[in-house]
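Me: I'm new to this one, so could you show it to me and let me ask about the terms?

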Amino acid sequence: MADTLTITDNRTGKTYDLPITDGAIRALDLKKIKTDAPGDTGLLTYDPACMNTAACRSCITYIDGDQGILLYRGYPIEQLAEQSTYLETAYLILNGELPTGNALQDWTYQIMMHTMVHENIKKFMEGFTYDAHPMGVFVSTVAAMSTFYSDGKLIFDTDRRKLQILRLIAKTPTIAAYAFRHSIGRPYVYPDNDLGFTGNFLNMLFKMTELKYQPNPALERALDVLFILHADHEQNCSTSTMRGIGSSHADPYSALAGAAAALYGPLHGGANEAVLRMLQEIGSVANIPAFIKRVKAGDGRLMGFGHRIYKSYDPRAKIIKKTAYEVFEVTGKNPLLDIALELERIALEDDYFVTRKLYPNVDFYSGLIYQAMNFPSDMFAVLFAIARTVGWVAQWEEMLLDTEQKIFRPRQIYAGAGHRDYVPMAKR
Ligand code: CMC
C-alpha cells in the first residue's frame, strides 16, 4: 500500500496524490490544488493555534500525550528524575547523548565558570521598583544581556554559539536570584561555584550572614528534580516563540527573553502561581464542590488541570506529587495539600473532567513544593524559566542548523474589508 493521500478537488474534478511521510503531508504540496479563479494561489491549511500542524523536525523531546510518555533524547523522564541531575540532563538535551564522566566534569566546570553576571547588570536591575514582578525583571534583564554580549549576534559561528548557550544556562539562575533578592530588598549574593548548579542557586537566593551557605541536601535534590522535569517539552508556546524569534536570526538573548515572556502567561508557566492563588481562594476542603460547580458552569478554570498534548496524567505531575511528600518531610506539610488532593480526587471522578480528558499537569503540585521551600508565588514562573533555558537553547540551535527552516511566517485567511477608497475627514 502506497504512503500517499489521494485528494479529489470537487471544485475542479481533479485528483492529486500527495506523499505521506512520518504521518504527515506537506502543506506546500497543497499549493498545487487550485482552481482557475483569479488570485487563487492554491489550497491552504487553516489551523489556528497550530492544533494539528508540525512546524519542524526535532530529535530532542518525544511526547505521547495519550499514554503519558515523555522522553528526552529517548530517555524516560522517570529514569532521568530518579538517576540523573539537572546539569547532566542539560548536557543530554543539548548534545543528544549522556556525557562520560570526564565530559560531565568539564561541562559542569564550564557552566560554573560562567555564573557571574556583569556588575552593570546589577545596576540595571536596581532600576526596577521594589514590587516589580520577578518574571518581568527576568524577561527584561535577559533581553538586556544582548547589549552586554555583542558576539551573541554571531549565531553561525559554532564556538560563539556554544559560548552564548553556556552563558545563558549559567547566568539565568544568577539573574533569577538577583530578581528575587531585589523584590525582598536584600543584598545580592555572588555565586559560590564550589556548590553545584542547584546548591549555588539556593545560596544566591537564601544566604544571609553565614560565611558559607549549606543547602539542605533533600531540598537541593528536590529542586534539581523539578529542574529536570521542566527542562524541555517540545514545541510548546514559549519554545515555539524561541524558534520563531530565532528564525529571524536575532541573537539568543533577545530570542530567550521573548520565550520567557511567552512563559509568563497564566496558561503556560504562570499556571502554578495561578494554582496556588486558586487553592488559597478555595480556602477549605468544604468549599471544593461549589468551586467545581463554578468551573463546570464556565466561570474560571481548574488551574493546573488540562493540557494541549497530554490526554492522560502528565508523567511530570506524578513525579512532582511524589517529590512533594519528600519536601514536606523536611519543611512540614503545606496546608494547601489537603485541598489539592481532594480537588484532584473529585475532578478525576467528575464527568466534565473525565470526558474532556483533563488531568493534573506539571503545575498542579509544583507550586505547593515551591511555597514550602519559601519561594514567593511570583518566583514560580522564574524557576520554570531557569530550567527551560536549556530546552529553549537546544531547540533554537536545532532550528538554526535545520536546512529546511526559514524565517517563521504563517499565512492568514483575510476576513477584513474589501478594497475601498479613502474617505476625507469632512465626509465621514
Ligand atoms: N478547567 C476547566 N475546563 C478546562 C480546563 C481547565 N483547566 N482546561 C480545559 N478545559 C475545557 C475547556 O473549557 C474546553 O471545554 P469545551 O470543550 O466544553 O469548550 C475543553 O476543556 C478543551 O479545552 P481547550 O481550552 O480547548 O484546550 P487547550 O488545549 O486549548 O488548552 C490548556 C490547554 C493547558 C491551556 C488548558 O487546559 C488550560 O487552560 N488549563 C489551565 C491552565 C494550566 O494549568 N496551564 C498549564 C499547562 S501545563 C504547563 C505548560 O505547558 O506551561
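Below, we go through the ligand, the domains and the cavity.

Reply: This is a predicted model, where local features need pLDDT of at least 70, side-chain atom pairs count only at pLDDT 80 or more, and totals for chains, interfaces and linings use all residues. Residues are numbered from 1 along each chain as its sequence is written, and side-chain values use heavy atoms, with hydrogens and water left out.

Me: What makes a residue "near" the ligand, and which come nearest?

Reply: One of its heavy atoms has to lie within 4 Å of the molecule. There are 20 residues around the ligand, and His268, Arg301, Leu302, Gly304 and Arg308 come nearest.

Me: Why is the pairing of the Arg301 side chain with the ligand called a polar contact?

Reply: A polar contact is a pair of N or O atoms within 3.5 Å (within protein, one must be able to donate a hydrogen and the other to accept it, and residues adjacent in sequence count only if both atoms are side-chain atoms). An N or O atom in the Arg301 side chain is 2.7 Å from a ligand oxygen, so the pair qualifies. The Tyr352 side chain also has an N or O atom, 3.0 Å from a ligand nitrogen. As for the ligand's cover, the protein takes up 73% of the 930 Å² of accessible area that the ligand has on its own (Shrake-Rupley method, 1.4 Å probe).

Me: How do you know where the domains are?

Reply: Their bounds come from an automatic or database domain assignment. That gives domain 1 (1–46), domain 2 (63–262 + 377–400) and domain 3 (271–372). Between the centres of domain 1 and domain 2, taken over C-alpha atoms, there are 43 Å.

Me: What makes a space a cavity, and which residues line the largest cavity?

Reply: On a 1 Å grid over the protein atoms alone, it is a set of points where a 1.4 Å probe fits but cannot get out; lining residues have an atom within 4 Å of a point. The largest cavity is lined by Met112, Thr115, Ala170, Pro173, Thr174, Phe197, Asn200 and Met204.

Conventions: 1 Å grid on protein atoms, 1.4 Å probe; cavity = no way out; pocket = protein on both sides within 12 Å on 5 of 7 lines; lining within 4 Å.
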